[in-house]
Amino acid sequence: MTDTPPETGSETHPAPQDTSSRWIARHGTPLALGLAVVALGLSSWASFGGGFESRVRTYLVENPQILDEMIQARDQRAATERIDRINAAVASMPQMLEPGPGEPVFGPADADVTVVEYFDYRCPYCKSAAPGYLELMRANPDVRFIFREWPILDSGTTTVSQHAARAALLAHSQGKYLAVHQALMAESALSHEAIDRILAANGVDTGPNGQALMATGISRTLADVQAGAGAAGMDGTPTFFINGKASPSNDPAAIDQAIAAAR
């Protein structure tokens with residue numbers, strides 16, 4: 001291992017998104033479902049008469065937090081079911097979390113604790129967690145950390161995530177992974193041009209016309225990661241595993257607690 005963890009002082013974070021837009025995007029569907037359920041209940045309860053429908057409606061209007069609580073409970077249940085489903089799948093094929101040839105791995109091979117992160121360089125949550133995750137590496141030299149490039153955010157003709165993952169794996173083959181990884185995570189407006197600039201700034205040789213980025217070994221690594229993630233039913237980044245168990249949280253502090261619990 002020739003890489004050494006770089007300093008994170010220049011790390012940047014993604015620009016904050018509009019809170020209301022994010023809330024609507026995340027909760028719009030469950031909120032509509034919640035309202036539909038309430039409406040259905042009211043239509044049924046109306047048969048009881050005695051102003052029951054009016055009283056329920058008034059109560060909900062005066063206590064709108066109840067709908068928030070419904071949404072939160074639904075989200076929590078869905079998140080728990082997702083983690084349980086992934087853990088069950090991984091338990092049946094634990095080899096999927098073992099590092100493949102050419103994958104970035106840091107820390108002792110016989111470590112008592114292994115952390116695996118599936119990520120995409122265009123994922124804002126991955127970017128937000130990246131500085132803290134690198135700090136975890138520095139604070140836990142006895143832990144093995146596996147960086148799993150999983151470019152899933154491309155759509156249509158966009159290939160930026162794929163290009164970034166290939167760039168990082170090429171940098172790893174030349175002993176320059178962590179510096180390039182940190183720079184890619186810190187780049188708020190990732191593009192092919194930005195990726196190429198980062199590679200050049202870190203002295204990564206991409207070969208004639210960038211042919212090294214399309215090396216067979218890199219393609220095989222990305223295909224294996226995609227196959228394993230698909231078989232496990234994974235559906236989002238970042239996803240962290242600590243000793244084979246998926247973490248319900250992306251917060252580096254929670255990952256740190258999970259590491260301590262696994263020792």
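**Reading helix packing in a predicted model**

In this predicted model, helix 5 and helix 8 lie oblique to each other.

Q: How is a pair of packed helices described, and what angle and axis distance do helix 5 and helix 8 have?
A: The general idea is that two packed helices are described by two values, the angle between their axes and the distance between those axes. Here, helix 5 (residues 160-173) and helix 8 (residues 216-231) pack at an angle of about 120°, and their axes are 10 Å apart. Angles of 65 to 115 degrees would count as roughly perpendicular and those over 145 as roughly antiparallel, so this pair is called oblique. Helix 5 passes helix 8 in a right-handed crossing.

Q: Which residues of helix 5 and helix 8 meet?
A: From helix 5 come Gln-162, Ala-165, Arg-166, Leu-169 and Leu-170, and they meet Ile-218, Ser-219, Thr-221 and Leu-222 of helix 8. Sorted by class, this contact has five nonpolar, three polar and one charged residues.

Q: At what angle do helix 4 and helix 9 pack, and how far apart are their axes?
A: The same two values serve again: the angle between the axes and the distance between them. For helix 4 (residues 124-139) and helix 9 (residues 252-262), the angle is about 30° and the axes are 9 Å apart. Angles under 35 degrees count as roughly parallel, and that is why helix 4 is described as roughly parallel to helix 9. The crossing of helix 4 past helix 9 is right-handed. Helix 4 contributes Ala-129, Gly-132, Tyr-133 and Leu-136 to the contact, while helix 9 contributes Pro-252, Ile-255 and Asp-256. By class, these residues come to five nonpolar, one polar and one charged.

Q: Let's turn to a loop. Where does Ser-191 lie, and is Ser-191 buried or exposed?
A: Ser-191 sits in the loop between helix 6 (177-186) and helix 7 (192-201). Residues count as buried under 20% relative accessible area and as exposed over 50%. With a relative accessible area of 21%, Ser-191 is therefore partly exposed. Its C-alpha atom is 8.7 Å from that of Ser-161, a residue 30 positions away along the chain.

Q: And for the protein chain as a whole, how many helices and strands are there, and what share of residues is buried?
A: Nine helices and five strands make up its secondary structure. From the N terminus on, their order is α-α-α-β-β-α-β-α-α-α-α-β-β-α. Of the 263 residues, 40% count as buried. The accessible surface comes to about 13900 Å², with 56% of it belonging to carbon and sulfur atoms. Among contacts with a separation of 6 or more, 79% join residues 24 or more positions apart.

How values were computed
Residues numbered from 1 in each chain as written. Predicted model: local features only at pLDDT ≥ 70, side-chain atom pairs only at ≥ 80, totals over all residues. Heavy atoms only, no water. Helix = DSSP H or I, 4+ residues; strand = E, 2+ residues; numbered from the N terminus. Buried < 20%, exposed > 50% of the residue type's maximum accessible area, 1.4 Å probe, protein only. Contact = heavy atoms within 4.5 Å. Areas by Shrake-Rupley, 256 points an atom, 1.4 Å probe, with all protein chains shown as cover. Axes fitted to C-alpha atoms, helices over the stretch in contact; angles between N-to-C directions. Left-handed = near helix turned anticlockwise from the far one by under 90°. Nonpolar A, V, L, I, M, F, W, Y, C, P; charged D, E, K, R; others polar.
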